[in-house]
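Hi,

Here is the structure I said I would pass on. Have a look at it first, then read my notes below.

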Amino acid sequence: MHLGVETDFRPARKAHPGILVRDLDDWARRLGEAGYPVAFDDDFPGMRRFYSEDPHGNRLEFLEPLP
């Protein structure tokens with residue numbers, strides 16, 4: 001994934017990458033400990049997910065399939 005920042009950059013409100021991970025709770029813990037927001041969302045059947053953001057305010061979605 002390549003990310004860049006422009007001088008007059010404004011983060012998108014809805015557009016974001018979805019990142020498929022293993023051990024979603026560990027990702028959430030580590031991001032939270034590093035000071036990033038973690039907001040779980042249970043509205044995706046078959047998946048667990050949460051949203052966070054990068055240091056520039058870009059929305060990031062982390063997902064893990066339910067067993």
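Arg48 has Glu64 in strand E4 as its bridge partner. That pair belongs to the antiparallel match between E3 (residues 47–53) and E4, which are joined by 7 bridges. Two strands count as paired if DSSP finds at least two bridges between them. The strands themselves are DSSP runs (E, at least two residues), helices are runs of H or I with at least four residues, and both are numbered from the N terminus.

Before going on, a note on the source: this is a predicted model, where local features need pLDDT of at least 70 and side-chain atom pairs count only at pLDDT 80 or more, while totals for chains, interfaces and linings use all residues. Residues are numbered from 1 along each chain as its sequence is written, and side-chain values use heavy atoms, with hydrogens and water left out.

Back to E4. It also pairs with E1 (residues 18–20), this time in parallel, through 3 bridges; Ile19 is matched with Phe62 there. In E4 (residues 59–65), 5 of the 7 residues are buried, meaning under 20% relative accessible area (exposed is over 50%, partly exposed in between; 1.4 Å probe, protein chains only). The E3–E4 hairpin has 5 residues between its strands, and Gly57 has a positive phi near 90°.

Now find Pro37, in the loop between helix H1 (24–33) and strand E2 (39–41). Which residues does Pro37 contact, leaving aside neighbours within four places in sequence? They are Tyr51, Ser52 and Glu53, with contact meaning heavy atoms within 4.5 Å. Pro37 and Glu53 are 16 residues apart in sequence, yet their C-alphas are 6.7 Å apart.

Cheers
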